[in-house]
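Here is a walk through one protein chain, helix by helix and then residue by residue. Keep the viewer open while you read.

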Amino acid sequence: MAEQSIDMTLGPVRARTGDERAVLESFLDFHRAVLLRKLRGLSDADAGRRLVPSATTLVGLVKHLTLVERNWFPTLLAPEPGAVHLTSAEDAAASFTLDDQDTVAGLTEAYERACARSRAVAARFDLDHVVPHPQLGEVSLRWILVHLIEETARHAGHADILRELTDGETGAV
């Protein structure tokens, strides 16, 4: 088997000897970027096509993760008046649902804005900062980052499969 080279420019590789925060943030940003790369070159129709029995689509994954970013960072760490942390299965399912105005460009832009807002909010707090959570009691910023890495990576994996089913395109990044 041929040896694979490692892309030394990837954030998680560059942060391999960094502190805990640098490692966590680089992995989260890496998976965020992988998700968006899976949409490159696709039409709105292709990105929104259902290829599995569930309502999961490539662009629906981006819409869902936009809600996830907003739900975990600004809503929990820096809530504005009236902010509600969404917890129901119905809210999660609805976040994948596309409407006629949803486009690859629009949903990508919304996700990028949500990620930028998440980064800005998280930067204001130490990893040990703890906030109340409506179901879990309390969570730390560290826990939120790990949870978002897991959630984003899981959905980036779904995007890998959906992209391959769409046009045969494969690749880890």
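What follows is a tour of a predicted model, going from helices to packing to a few single residues.

## Helix H2 and what it leans on

Start with H2, which covers residues 20–37. With 18 residues at 1.5 Å each, the helix should span 26 Å, and its end C-alpha atoms are indeed 26 Å apart, so the length agrees with expectation.

Quite a few of its residues are tucked away: Arg21, Leu24, Ser26, Leu28, Phe30, His31, Arg32, Val34, Leu35 and Leu36 are the buried ones. These buried residues pack against four helices, namely H1 (11–14), H4 (58–72), H7 (104–123) and H8 (141–167).

## H2 against H7

How do H2 and H7 sit relative to each other? Their axes come within 11 Å and cross at roughly 175 degrees. The cut-off for roughly antiparallel is anything over 145 degrees, so H2 and H7 are roughly antiparallel.

On the H2 side, the contact is made by Arg21, Asp29, Arg32, Leu35 and Leu36. H7 brings Thr108, Tyr111, Glu112, Cys115, Ser118, Arg119, Ala122 and Ala123. By type, the residues of this H2 and H7 contact split into six nonpolar, two polar and five charged.

## H4 against H8

Next, the pairing of H4 with H8. Their axes come within 9 Å and cross at roughly 175 degrees, which makes H4 roughly antiparallel to H8.

H4 contributes Leu58, Leu61, His64, Leu65, Val68, Glu69 and Trp72 to the contact. From H8 come Trp143, Ile144, His147, Leu148, Glu151, Thr152, His155, His158, Ala159, Leu162, Arg163 and Thr166. The tally for this H4 and H8 contact is ten nonpolar, six polar and three charged.

As for H8 itself, its 27 residues should span 39 Å at 1.5 Å a residue; the end C-alpha atoms are 38 Å apart, so that agrees. Right after H8 comes Gly168, with a positive phi near 85 degrees.

## The nonpolar core

The largest nonpolar core has 36 residues. Which of them touch the most other members? That would be Phe73, Leu77, Leu141 and Ile144. Several helices feed this core, with H2, H4, H5 (74–77), H7 and H8 each supplying at least two residues.

Take Ile144 as a close-up. Not counting residues up to four places away in sequence, Ile144 touches Trp72, Phe73, Leu76, Leu77, Val131 and Val139.

## Buried polar spots

Thr152 is a good one to click on. This residue is in H8 and is buried, with a relative accessible area of 0%. Leaving aside neighbours within four places in sequence, Thr152 is in contact with Leu28, His31, Arg32, Leu65 and Tyr111. Leu28 is 124 residues away in sequence, yet the C-alpha atoms of Thr152 and Leu28 are 7.4 Å apart.

His64 lies in H4. Is His64 buried or exposed? At a relative accessible area of 5%, under the 20% cut-off, His64 counts as buried. Leaving aside neighbours within four places, His64 is in contact with Ala92, Ser95, Phe96, Glu151 and His155.

Ser140 lies in strand S2, residues 137–140. With a relative accessible area of 16%, Ser140 is buried too. Beyond its neighbours within four places in sequence, Ser140 is in contact with Leu127, Asp128, His129 and Val130. Thr97, on the other hand, is 43 residues from Ser140 in sequence and 30 Å from it in space, C-alpha to C-alpha.

## Out toward solvent

Asp91 is in helix H6, residues 89–94. Its relative accessibility of 29% makes Asp91 partly exposed. Leu67 is 24 residues away from Asp91 along the chain, and their C-alpha atoms are separated by 9.4 Å.

Gly82 is in the loop between H5 and H6. Its relative accessible area is 71%, so Gly82 counts as exposed. Gly82 and Arg40 are 42 residues apart in sequence and 36 Å apart in space, C-alpha to C-alpha.

Notes. Residues numbered from 1 in each chain as written. Predicted model: local features only at pLDDT ≥ 70, side-chain atom pairs only at ≥ 80, totals over all residues. Heavy atoms only, no water. Expected span 1.5 Å × (residues − 1). Buried < 20%, exposed > 50% of the residue type's maximum accessible area, 1.4 Å probe, protein only. Contact = heavy atoms within 4.5 Å. Axes fitted to C-alpha atoms, helices over the stretch in contact; angles between N-to-C directions. Parallel < 35°, antiparallel > 145°, perpendicular 65-115°, else oblique. Nonpolar A, V, L, I, M, F, W, Y, C, P; charged D, E, K, R; others polar. Core = buried A, V, L, I, M, F, W, Y, C linked by side-chain atoms within 4.5 Å.
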